[in-house]
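Me: Please take a close look at a single part of this structure and describe how its elements pair and pack. A connected account, with the criteria for each term, would be most useful.

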Amino acid sequence: MKVIGLLSRKGGVGKTTLAVHLAVLAQQSGQRTLLIDLDPQGSAAAWWRAREAQTPQLVAPTPGDLRDILGAARDDGVDLAVIDARPSVEADVVHVATLADLVLVPTRPAIFDLRAILGTLDVVKGVARRSLIVLNACPPPRGAGEASIVTDARRALMAFGVPVASVAIINRTAFASAAVTGLTAPETEPDSKAAKEMRALWRIVEKELNHAKAQSVTDRRSGTEAGGGSRRTRPSSSPGTGSQAAQG
């Protein structure tokens, strides 16, 4: 099982919008997906309750239960867990980044937003396996290419030491409209620009996860060769991963 953590110590960057879209796109690609809502605001859980489909599954645990939830999901055959973490809590950032195979750090392109993610990036660079900045809620371009503020943000982020996703997600009404009924832009408007951008982001994320999987296999082989065998730990009992949106 692979784990994606969406982290930002600043609110209002569209973290939940990315989380629910990536979870749905992963499910549509054939991966059994679990969406984990750690944010007390419960935006992902509210989105799920408005949704008619039962997939992706959702749980809304406390941060202290996260490791057990992931263990239970792994035992239950879940392929991918997508964690929507709460903002502003550094301990949560460290905890999620440690458990995730890929950390996504969304940010708006304005200078105040870019400065606000520095603390998150400092933590992520120290503990995360792989990480990626996602420019989100960006203004649309006036002509071809990206808006100048997005291009400027890319240049500024080059100094931060974390790669930036090649696709920027534009602030489009299709995202908000779809969320009202627990859906996503690719489900309600599959040919829209919003849907195309999210699918492009999912392809990037999927590629990063495949790299993480390959690296994990290499690390295990290296460990086996160095230690003469792999160590097994006894799994602890943990709660199930059925849909528990009402808990959050």
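Reply: In the pairing of β1 with β5, the residue of β5 that bridges to G5 is V103. The model is predicted, so local features require pLDDT of at least 70 and side-chain atom pairs pLDDT 80 or more, whereas totals for chains, interfaces and linings use all residues. Residues are numbered from 1 along each chain as its sequence is written, and side-chain values use heavy atoms, with hydrogens and water left out.

The strands β1 (residues 2–6) and β5 (residues 102–107) run parallel and are joined by three bridges. Strands (E, at least two residues) and helices (H or I, at least four) are DSSP runs numbered from the N terminus, and two strands pair if DSSP finds at least two bridges between them.

β1 and β5 belong to an open sheet of six strands, ordered β3-β2-β4-β1-β5-β6 with parallel pairing. Its edges are formed by β3 (57–59) and β6 (131–135), each of which pairs on one side only. From one strand to the next, the twist averages 20°.

Helix α3 (residues 66–75) packs on this sheet, where it touches β1, β2 (33–37), β3 and β4 (80–84); contact means heavy atoms within 4.5 Å. The direction of α3 makes about 170° with that of β2. Axes are lines fitted to C-alpha atoms, for helices over the stretch in contact, and angles run from 0 to 180 degrees between N-to-C directions.

Within the sheet, β4 is joined to β1 by five parallel bridges, and K2 has L80 as its partner in β4. β2 and β4 likewise pair in the parallel sense over five bridges, and L80 is also the β4 partner of T33. Five of the five residues of β4 are buried, that is, under 20% relative accessible area (exposed is over 50%, partly exposed in between; 1.4 Å probe, protein chains only). Side chains in a regular strand alternate between the two faces of the sheet. In β4, L80, V82 and D84 point one way and A81 and I83 the other way.

At the β6 edge, β5 and β6 pair in the parallel sense over five bridges, with I133 of β6 as the partner of V105. β6 is largely enclosed by the rest of the structure, because five of its five residues are buried. S131, I133 and L135 point one way from β6, and L132 and V134 the other way.

The helix α3 also packs on α4 (residues 90–99), at an angle of about 20° and with the axes 11 Å apart. This makes α3 roughly parallel to α4, since angles under 35 degrees count as roughly parallel, over 145 as roughly antiparallel, 65 to 115 as roughly perpendicular and the rest as oblique. Their crossing is right-handed: the near helix is turned clockwise from the far one by less than a right angle, whereas anticlockwise would be left-handed. L66, R67 and L70 of α3 meet H95, V96 and L99 of α4. These residues divide into four nonpolar, one polar and one charged. Ala, Val, Leu, Ile, Met, Phe, Trp, Tyr, Cys and Pro count as nonpolar, Asp, Glu, Lys and Arg as charged, and the others, Gly among them, as polar.

From α4 the packing continues to α6 (residues 118–127): the two axes come within 9 Å and cross at roughly 30°. This crossing is right-handed. E90, V93, V94, A97 and T98 of α4 make the contact with T120, V123 and V127 of α6.
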